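Hi,

Here is the structure I promised to pass on. Have a look, and my notes come right after.

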Amino acid sequence: MENSARSEKSRQLIIQAALAVIDRDGANRLTIDAIAREAGISKGGVLHHFRTKQAVLIALLDNQRSEYARFARDYLDHDGRGSGEPSLATQIAILREATKQPQSVALAILGAIGEQPSLLDGLRDAEALNVAAIRKESADADLAILRWSAARGLLWTSLFNMCPLSEKEREHYFALLLDEAHWKRLASQKSKTSPRAR
């Protein structure tokens, strides 16, 4: 096996070990020693790839971005293909998928962002591009942004364990946010009753 391939395999093993430790024991128990034990490699092997726990958390954030980018491509190839608002549908589907990840992992990543706010820079830029795409493809940009924001609200209240909805109810609302026919009817009714239409 080539050195770069072996190195990438070791990095992925360490990332998966870190995810397992956080999911099982919580973010406060994530240490280089715990990662090494979980991965079955030496502490030096972990430190070769990641000098600090913060570096591991940054790698987890990058890993999450890559996973959601892959999810977005797959969603667009299958479910989003017939959508009139593919960017919006994809973003809502990603947010729904994010509610299924272990809460402890999401909170650990948020902790990394708290310690290094500059990590948000790339996220903000990516979100700005998402919002621009949603606005561009939508007949009613306000309604589209409200749907996107509602999906984000479902995710964030879920992550912080503040959502009063059951998992089944939350799924219902995600499905409703993805139901383009429902929103087209609502937009049509809105245009009929708006003062400008009279």
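Below is what I found, going from the whole chain to one helix and a surface patch.

First, the ground rules: this is a predicted model, where local features need pLDDT of at least 70, side-chain atom pairs count only at pLDDT 80 or more, and totals for chains, interfaces and linings use all residues. Residues are numbered from 1 along each chain as its sequence is written, and side-chain values use heavy atoms, with hydrogens and water left out.

The protein chain has ten helices and zero strands (DSSP runs, numbered from the N terminus: H or I of at least four residues for helices, E of at least two for strands). Its C-alpha trace spans about 70 × 40 × 30 Å along the principal axes. Of the 198 residues, 37% are buried (under 20% relative accessible area; exposed is over 50%, partly exposed in between, with a 1.4 Å probe and protein chains only).

Helix H5 (residues 86-98) is mostly covered, with ten of its 13 residues buried. Among them are Leu88, Ile92 and Arg96. These buried residues pack against helices H4 (53-77), H7 (119-137), H8 (141-159) and H9 (167-178). The ends of H5 also check out: its end C-alpha atoms are 18 Å apart, which agrees with the 18 Å expected at 1.5 Å a residue (1.5 Å times one less than the number of residues).

Helix H8 also holds Trp156, which is partly exposed at 33% relative accessible area.

Cheers

Conventions. Contact = heavy atoms within 4.5 Å.
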